[in-house]
Amino acid sequence: MILALPKGRILKALTPVLEATGLLSQPSPIDEKTRALRFPSTESQLDIVRVRSFDVATFVAFGGADIGICGSDVLTEFDYPEIYAPLDLEIGQCRISVARHPRAGLRDEAPSSKIRIATKYPVTARAHFASRGINAEIVHLHGAMELAPSLKMAHAIVDLVDTGTTLKANGLEETDVIAHVSSRLIVNRIAMKTRPQAVSDLIDRFRKGLRSQK
Ligand code: ATP
Ligand code: PRP
Ligand code: MG
């Protein structure tokens, strides 16, 4: 079996839980200095791969990994039917929100006008505006979307917000919370059917590891 872990902030927040699962071995996936992408675990049947946060759901949906950990923002954006998310790890907590210049005219949000949104989350953003009867045009960026309103590329952005520091530093104001976000343990549904025991043992180890941290 393969467990896909996200590099970056979720991996950092997850480290105590991972240590508590007893799955970490040497070389360790939490050592971000190594260029290796695949690591052994303490279980002979399980290897760990370390991928981009945004790609974990794709590795699991396509069966490259049987189980993984990623933000609910990523799950919502891809909405893979092949994925089951049985456990909220309560880390990586933030929200996905709409933000804009405080002085931007209300006219920009009128249903008749074409509102343009800069975001790394095109599906989530389009669905949010569609639910309010607005057909949003999406400018798909992978970072620094906070620049888009002042550079006149977009009327507003959809992005992750935690403390609000990034929005404030770029002169933007949060106007709507689309969803609350936290990291989830995710499982490939076929793996769950074909290897139910191994999968539920792994889920249990995470559940116990999580409980030992509370
Ligand atoms: P990359 O560097 O590969 O582009 P990234 O910036 O998307 O990665 P991270 O910043 O590590 O990766 O974010 C990964 C996940 O962590 C997000 O999908 C989200 O679930 C969560 N997250 C992101 N930003 C925050 C934040 N400011 N506070 C809390 N959780 C966050
Ligand atoms: C994330 C996210 C926001 C910021 C929100 O960026 O994309 O920009 O955190 O957090 P805040 O409300 O506490 O400021 P990150 O720190 O991951 O930087 P990145 O753009 O390099 O991904
Ligand atoms: Mg980031």
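How far does a polar side-chain atom of Glu 146 lie from an oxygen atom of ligand 2? The separation is 3.3 Å. The model is predicted, and each stop below names what to select and what is found there.

**Stop 1: ligand 2**

Select ligand 2 and show the residues around it: Arg 9, Glu 146, Asp 159, Leu 160, Val 161, Asp 162, Thr 163, Gly 164, Thr 165 and Thr 166. Apart from the Glu 146 contact, two other polar contacts can be drawn here. Pick the side chain of Arg 9, where an N or O atom is 2.6 Å from an oxygen atom of ligand 2. Then pick Thr 166, which has a side-chain N or O atom 2.5 Å from an oxygen atom of the ligand. Ligand 2 taken alone exposes 500 Å², of which the protein buries 56%.

Now colour the shell by residue class. The shell around ligand 2 has 4 charged, 4 polar and 2 nonpolar residues. Switch to a cartoon view and select strand 9 (156–161) and helix 5 (165–169), the elements that give two or more residues to this shell. Strand 9 supplies the largest share, 3 residues.

**Stop 2: ligand 1**

Move to ligand 1, which has 14 residues around it. The ones that come nearest are Arg 9, Arg 52, Ser 53, Asp 73 and Lys 120. Arg 9 is already on screen from the previous stop, as one of the residues surrounding ligand 2.

Three distances are worth displaying. A polar side-chain atom of Arg 9 is 3.2 Å from a nitrogen atom of ligand 1. For Arg 52, an N or O atom of the side chain is 3.1 Å from an oxygen atom of ligand 1. At Gly 92 show the backbone, where a polar atom is 3.4 Å from a nitrogen atom of the ligand. On its own ligand 1 has 620 Å² of accessible area, and the protein covers 74% of this.

Which helices each supply at least two residues of the shell around ligand 1? Select helix 1 and helix 3 to see them. By class, the shell around ligand 1 divides into 5 charged, 4 polar and 5 nonpolar residues.

**Stop 3: the largest pocket**

Keep both ligands visible and turn on a pocket surface. Ligand 1 sits in the largest pocket, and the space taken by ligand 2 is the largest pocket as well. The volume of this pocket is about 980 Å³. It is lined by 35 residues, and those closest to its centre are Arg 9, Asp 73, Lys 120, Tyr 121 and Leu 160.

To see the secondary structure behind the lining, select helix 1 (9–21), helix 3 (72–78), strand 9 and helix 5; these are the elements that give two or more residues to it. Sorted by class, the lining has 14 polar, 11 nonpolar and 10 charged residues.

**Stop 4: the second largest pocket**

Next, hide the ligands and select Lys 7, Glu 32, Lys 33, Thr 34, Arg 35, Ala 36, Leu 37, Val 49, Arg 50, Val 51, Arg 52 and Phe 59, which line the second largest pocket. Arg 52 also appeared at the second stop, among the residues that come nearest to ligand 1. This pocket holds about 230 Å³ of space. Which element gives the most to its lining? Strand 3 (residues 47–51) does, with 3 residues. The class count for this lining is 6 charged, 5 nonpolar and 1 polar.

**Stop 5: two backbone details**

Finish with the backbone. Select Gln 26 and Pro 27 and inspect the peptide bond from one to the other: it is cis, with omega near -10 degrees. Pro 27 is in the loop between helix 1 and strand 2 (38–40).

Then go to Asp 79, in the loop between helix 3 and strand 5 (83–88). What is the sign of phi at Asp 79, positive or negative? Phi is positive, about 50 degrees, although Asp 79 is not a glycine.

Technical notes: Residues are numbered from 1 along each chain as its sequence is written. Chains are lettered from A and ligands numbered from 1 in the order in which they are written. This is a predicted model: local features need pLDDT of at least 70, side-chain atom pairs count only at pLDDT 80 or more; totals for chains, interfaces and linings use all residues. Side-chain values use heavy atoms; hydrogens and water are left out. A residue is near a molecule or strand if one of its heavy atoms lies within 4 Å of it. A polar contact is a pair of N or O atoms within 3.5 Å; within protein, one must be able to donate a hydrogen and the other to accept it, and residues adjacent in sequence count only if both atoms are side-chain atoms. Accessible areas come from the Shrake-Rupley method with a 1.4 Å probe; for residues, only the protein chains shown count as cover. On a 1 Å grid over the protein atoms alone, a cavity is a set of points where a 1.4 Å probe fits but cannot get out, and a pocket is an open set with protein on both sides within 12 Å along at least five of seven lines; lining residues have an atom within 4 Å of a point. A molecule sits in a cavity or pocket if more than half of its atoms lie within 2 Å of its grid points. Helices (H or I, at least four residues) and strands (E, at least two) are DSSP runs, numbered from the N terminus. Ala, Val, Leu, Ile, Met, Phe, Trp, Tyr, Cys and Pro count as nonpolar, Asp, Glu, Lys and Arg as charged, and the others, Gly among them, as polar. Grid points are joined across faces, edges and corners, and a volume is the space filled by probe spheres set on the points.
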